[in-house]
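Trainee: I am new to this structure and would like a close look at a single part of it. Could you take me through the region around the DNA, and show me how the protein chains are arranged there?

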2 protein chains.
Amino acid sequence: MPDLRSLEVFYWVARLKSFRRASEKLNTTQPAVSQRIAGLEQELGVRLFDRASRGVSLTGKGLELLSYAERMLLLRTEMMAALAEPAALSGVVRVGVAETIVHMWLSRFVERVHAVYPSVTLDIDVDISPNLRDALVAHEIDLAFLLGPVSDPRMANAELARYPLAFAARPDFPLPPDPVPVSALIATPIITYPRTTRPYLALKDLLTRADLPPPRLYPNASLSTIVRMTLDGIGVSVIPPVVIARELEEGLLRLVRSEVDLPDLVFTATYPVAPDNMLARALAEIARTIAAENHAETASVIRQSYRKGS
Amino acid sequence: MPDLRSLEVFYWVARLKSFRRASEKLNTTQPAVSQRIAGLEQELGVRLFDRASRGVSLTGKGLELLSYAERMLLLRTEMMAALAEPAALSGVVRVGVAETIVHMWLSRFVERVHAVYPSVTLDIDVDISPNLRDALVAHEIDLAFLLGPVSDPRMANAELARYPLAFAARPDFPLPPDPVPVSALIATPIITYPRTTRPYLALKDLLTRADLPPPRLYPNASLSTIVRMTLDGIGVSVIPPVVIARELEEGLLRLVRSEVDLPDLVFTATYPVAPDNMLARALAEIARTIAAENHAETASVIRQSYRKGS
DNA sequence: AGAGGTTACGGGCAGCGTAAGGATC
DNA sequence: GATCCTTACGCTGCCCGTAACCTCT
C-alpha cells in the first residue's frame, strides 16, 4: 500500500511538472523521486505521468490520484497542527526576509520561534522583496516577510504591519523650512530602497514632474547603508522612521515634513498554499504577533520625533 | 511525520484495545506494535494510550488522533478502490465459509477471484455459521459467507441468496404419501445441520409439540456426511435441494413434501466495517454475482425434482 | 504463574545517493 | 551536447522478529 511519503513525492512532481524540481523541493535526489514514482505506478498498476522530453504531465489516473494525494496530505497537516505538541514539530523552514524587517524585529521573531518550536530550524535569506517574491513562486523559500501582498492565487498573504514612510536627514542638512516643497526635494540627493522595489517606484512617480528636472534618486540595496549615508550627510533618505528610532531619539537624524504624500510600506507574511505548509502558517501568525508588539513599542518614539523636527 | 503504517497500527490498537490483539490482526509481533506506538507518541510529543494492567485505553489526544487515522485510512482505501488496477491489488483475505456454500459455488468463486485479482491469496476456513460469526467479531477472518445476517453494528451484510430448505430422502425410504404429516416426521430420524445453527433450531421448534414425543434430530457438522447418510437410508434429511441437485437428477434422492413449512436459508456475505477492508467488500460483490448465477442455473433442476417426487 | 507491555539486540531489506545509461531536442 | 528521466549498485538506517525483562493480578 502506498505510504504518505510516496504521495507527497507524487504531489510535488505533479505540481512542479518535473522530477528534478520535485527532488529539489523535497531535498532529495532526482533518482530517488524517479524510484518513488515508479514504485507508486507499480503498486497501483497504473501509469501516472506521461514522460515527454520536455517535462512530464499527469495522465487521467494521475489527475485522479492528485485529488486523493492532496486530501491526504492536507489531512495529515491538519492532524499535526491539531494535536502534535509544538515542541515535537521539527523541520527546516526557509524564510525570506526584507531587510527592513531585519532592522525591526527579526531577531525577536527568531527567538520566539525557537521558544515555541525548539526543534524547528530557520534558514534565513535576506533580500529585496521582488527577489523574495520570485523565490516564493519558485518554491525556493517557504515563507517570506516582504513588501506588499503577492497577488498570486497560490500564495496566502497575511498583513504584518503598515509603516509610514518619511524623509529623514541630519539636523544640519541644508533644506528649506518644513514643509519642504517638491522642487527642493528634486534638487537633493534622495537615498532609498533599490530600483525594483515598490517604495522606489512610488517615490520616482511622486517626484517626476514634466516641468522639472528628474529627481536624484540613489537606490541602495542595504538599509543600514542608507542610514549610514544619511548620517554622513550625503542626502535625504526615504525610509520608515521606525528603522531609525534610535538615531531620532539621540538627535542624530530628524524627520522632514514635505509636500509629498509618501505611501505606507505594507509588509505581509506570504507563503504558498500547499497541503504541507502548516509550519509556514504558524510562523506567519507568530510574525503577526511580533510585528504588532513592535508597532506598539515604536509608535510613541516616532510621534515624538516629528515634534522635535518641526 | 507519521506515515500511514503507524496510523494503521494505531487504529487497530485503539479499536481492539490491546497491543497484542492488534499485532495478531496485523500479522506482526507485539513488540513491533509497541515500537510503532512509541514512535508515534514521540513524533507527536503526546501520550496516546493509558497503559493499564488490563488492556489499554485512549487518552483525549488519542481519541482525537483516532478520528484523523480513520479518515486517512478510509481515504487510502477509497483511493485504491478508485484507481488501482485490480491486478495490482494483493494481499491475503481470510474467508470463512459455511459448508453449504462449498457445495454450491465456492470453487467458482475462488476461480473468479483469482481471475480478477490474480495477486490476492484466499485463506479459506470452512466452519459452521456460529463459529464464523465469532471469528468475524474476533477479527480472525476478514469476510464470511454464512447463514443469516450478523446483527452486529460493526458488520456489513450483503444477501447472497435465499435457498429453500426441504426434506429429502431415498425414493424407497418408507414414508406416508406426500404431504407427510408432522407425526410421521417426528417418528423418523432427521439428519440436518449442527446443533447451534439456525436451521437446526428452527426445525426443532417446528417439530416440537407438547402432545407428541420429541423429534429425532441427528445434527451433523458435515454436509456431505448428511448426504451420505441420507443416501444410505438412515433417515430423512433437511437440506437445501440445491446441494443435492445431482442426486435428485439421477433419482438417488427425492424431495418430500410435508405439512411443515421450513424456513429459507439466507446466506449473506458479512465483513467488518473498517477503513481498510476494501478487498472484503469487493469479494463480497463477486460472491453476490456468483451466487446469483448459481441460483439461476439450479432453479430449474429443483423445480423438476419436486415434480418427480410428487 | 500468567497475561500484557517494554527493552535489548541482531539481521534483512527498503530506500537513498552516486554514477552511468539512454532518449529527445 | 544539453536536458531530463531511468537503470545499476553499494550502503545506511529503519523496522521487524527473537528473547529477556518488568509489572500487575
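Mentor: Here is a walk through the DNA surfaces, followed by the parts that surround them.

Please keep in mind that this is a predicted model.

Let's begin with DNA strand D. There are 21 residues around this strand, and the closest are Arg20(A), Pro31(A), Ser34(A), Thr28(B) and Ser53(B). Both chains appear in that list of closest residues. Which helices supply at least two residues each to the surface near DNA strand D? They are helix H2 (19–25) and helix H3 (30–44) of chain A, along with helix H3 (30–44) of chain B. H3(A) provides the largest share, with six residues. Sorted by class, the surface near DNA strand D holds ten polar, seven nonpolar and four charged residues.

Now turn to DNA strand C. This strand is surrounded by 20 residues, the closest being Thr29(A), Ala32(A), Ser53(A), Pro31(B) and Ser34(B). Two or more residues of that surface come from each of H3 of chain A, helix H2 (19–25) of chain B and H3 of chain B. By class, the surface near DNA strand C has ten polar, six nonpolar and four charged residues.

How are the two protein chains related? Chain B can be laid on chain A by a turn of 180° and a shift of 0.1 Å along the axis, with an RMSD of 0.1 Å. This is the relation of a two-fold axis. Both copies use the same surface, since 100% of the contact residues of chain B recur in chain A.

That brings us to the contact between the chains, where 23 residues of chain B meet 23 residues of chain A. On the chain B side, helix H1 (4–16), H3 and helix H4 (60–83) each supply at least two residues. H4(B) gives the most, with eleven residues. The side of chain B that touches chain A is made up of 14 nonpolar, eight charged and one polar residue by class. Notice that H3 of chain B turns up in this contact and also in the surface near DNA strand D.

Next, look at how H3(A) is held against another helix of its own chain. Helix H1 (residues 4–16) of chain A packs with H3(A) at an angle of about 110°, and their axes are 9 Å apart. The two helices, H1(A) and H3(A), are therefore roughly perpendicular to each other. From H1(A), the contact uses Ser6(A), Val9(A), Phe10(A) and Val13(A), while H3(A) brings Val33(A), Arg36(A), Ile37(A), Gly39(A) and Leu40(A). In this contact, six residues are nonpolar, two are polar and one is charged.

To finish, here are some backbone details that are worth finding in the view. Most residues other than glycine have a negative phi, and most peptide bonds are trans. In chain A, the peptide bond from Asp178(A) to Pro179(A) is cis, with omega near -10°. Pro179(A) sits in the loop between strand E7 (166–169) and helix H8 (182–186) of chain A. Chain B also has a cis peptide bond between Asp178(B) and Pro179(B), where omega is about -15°. Pro179(B) is found in the loop between strand E7 (166–169) and helix H8 (182–186) of chain B. Finally, His139(A) has a positive phi, near 60°, although this residue is not glycine. You will find His139(A) in the loop between helix H7 (129–137) and strand E5 (143–147) of chain A.

Terms used
Residues numbered from 1 in each chain as written. Chains lettered and ligands numbered in written order. Predicted model: local features only at pLDDT ≥ 70, side-chain atom pairs only at ≥ 80, totals over all residues. Near = placed C-beta within 6 Å. Helix = DSSP H or I, 4+ residues; strand = E, 2+ residues; numbered from the N terminus. Nonpolar A, V, L, I, M, F, W, Y, C, P; charged D, E, K, R; others polar. Contact = placed C-beta atoms within 7 Å. Least-squares fit on C-alpha atoms with pLDDT ≥ 70 in both. Axes fitted to C-alpha atoms, helices over the stretch in contact; angles between N-to-C directions. Parallel < 35°, antiparallel > 145°, perpendicular 65-115°, else oblique.
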